Amino acid sequence: MSFPPVSSRSGTPQGHSNNTEIQLSVCLECSTPLPSKLVELARTDLTFITDRPLRYGTPLQLAIFSDFIHAVTHNRAHVHWCRPHPLGWQIGAFLVQTLPDRLTENHWTDLRSSLRYECNWKAWVLWGDEAKLEAIKIINYSISGLCMMAPCEISPGQPFSLFGAAGSRQPAVLNGQIQWCRKVDDRFQIGGLIHGQRGRDLPRLFGNLKDVHADGIQIEDSNFCDSLDTQRREQELSERFLTDSDSANCRIV
């Protein structure tokens, strides 16, 4: 399967005078190659288009290069985001290792540190020293942060704690600090920093992905939300994910 050209801010970075195009090669860990077209690339993650949906947690082997001789790097990644696309399926994957400077310094001077991924998840939050949990919606996330919609204004610098969609005072599943807040219509968009790259865990904690998780990942039901977005995604993808039997006989290289 081949793809027509895809417009990408990161695939053809403006920071390089020769406008070097970044190429991507992707394999499953059983050495099965995947047709791939890079959409966006950052130092910690990437998105690409392929011909099939992939489960949350699917491990990938990657080769990223600007030509066939120079600046080639090999990396591993794990799928955390999957959406239908006119050309197939768009996949978001977090890299196991940050892209090395030797790959980026001479070619892509405008490479971002992380990408943002759209979502529609419910959660409960505790702002600073407040005693009452408040319902919020997570509208996008990255490896190190998230954007929330809330009914009230929150001052930058305040700590926050996120809890599962059940709204119980169980131990917080995630902690962070408010970076910015702005009013949108009658609500507020709030940007939060998550320490320790815990953004990797957000789909598992809030994304209602029980039916599409990779084998071996244990999920607590109380951490899931009931958002229309996640319910619709599950319905769209449930019949089309790769079967577990396909990977059972694979050999990791």
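This report describes a barrel of strands, a pocket and several individual residues in a predicted model.

**The barrel and strand β11**

Six strands, in the order β8-β9-β10-β13-β12-β11, close into a barrel with antiparallel pairing. On average, neighbouring strands of this sheet are turned by 45° against each other, with direction ignored. In general, strands of a sheet pair through backbone hydrogen bonds, in either a parallel or an antiparallel arrangement.

Strand β11 covers residues 159–163 and is mostly covered, since 4 of its 5 residues are buried. Strand β8 (residues 117–127) is joined to β11 by 4 bridges, and the two run antiparallel. Within this pairing, V125 has L162 of β11 as its bridge partner, while L126 is partnered by S161 of β11. Strand β11 also pairs with β12 in the antiparallel sense, over 4 bridges. Here S161 stands opposite N175 of β12. S161 is thus a bridge partner of L126 as well as the residue facing N175.

**Q177 in strand β12**

Strand β12 spans residues 174–184 and contains Q177. The relative accessible area of Q177 is 32%, so the residue is classed as partly exposed. Beyond its neighbours within four places in sequence, Q177 is in contact with G157, Q158, P159, F160, G191, G192 and L193. For one of these residues, L193, the C-alpha to C-alpha distance from Q177 is 5.2 Å, although the two are 16 residues apart in sequence.

**The second largest pocket**

The second largest pocket holds about 260 Å³ of space. Its lining comprises 16 residues, of which R116, S142, G145, L146 and G192 are the closest to its centre. Four strands each supply at least two residues of this lining, namely β9 (134–141), β10 (145–150), β12 and β13. These four strands also appear in the order of the barrel. G192, listed among the residues closest to the centre of the pocket, is also one of the contacts of Q177. As a general point, rolling a probe the size of a water molecule over the atoms shows where empty space is left.

**D45 in strand β4**

What is the degree of burial of D45? D45 has 0% relative accessibility and therefore counts as buried, the cut-off being under 20%. The residue is located in strand β4, which covers residues 45–50. The side chain of D45 is joined to that of T44 by a polar contact of 3.1 Å. With neighbours within four places in sequence left aside, D45 is in contact with A93, F94, L95, S113, S114, L115 and Y117.

**Positive phi values**

Most residues other than glycine have a negative phi. Two residues that are not glycine have positive values here, D185 and Q197. D185 is placed in the loop between β12 and β13 (187–194), and Q197 in the loop between β13 and α2 (202–206). With a relative accessibility of 68%, D185 counts as exposed, whereas Q197 is partly exposed because its relative accessible area is 33%. The table sets out both residues.

| Residue | Phi | Relative accessible area | Loop |
|---|---|---|---|
| D185 | near 60° | 68% | between β12 and β13 |
| Q197 | about 55° | 33% | between β13 and α2 |

Technical notes:
Residues are numbered from 1 along each chain as its sequence is written. This is a predicted model: local features need pLDDT of at least 70, side-chain atom pairs count only at pLDDT 80 or more; totals for chains, interfaces and linings use all residues. Side-chain values use heavy atoms; hydrogens and water are left out. Buried means under 20% relative accessible area, exposed over 50%, partly exposed in between (1.4 Å probe, protein chains only). A polar contact is a pair of N or O atoms within 3.5 Å; within protein, one must be able to donate a hydrogen and the other to accept it, and residues adjacent in sequence count only if both atoms are side-chain atoms. Contact means heavy atoms within 4.5 Å. Two strands pair if DSSP finds at least two bridges between them. Axes are lines fitted to C-alpha atoms, for helices over the stretch in contact, and angles run from 0 to 180 degrees between N-to-C directions. On a 1 Å grid over the protein atoms alone, a cavity is a set of points where a 1.4 Å probe fits but cannot get out, and a pocket is an open set with protein on both sides within 12 Å along at least five of seven lines; lining residues have an atom within 4 Å of a point. Grid points are joined across faces, edges and corners, and a volume is the space filled by probe spheres set on the points.
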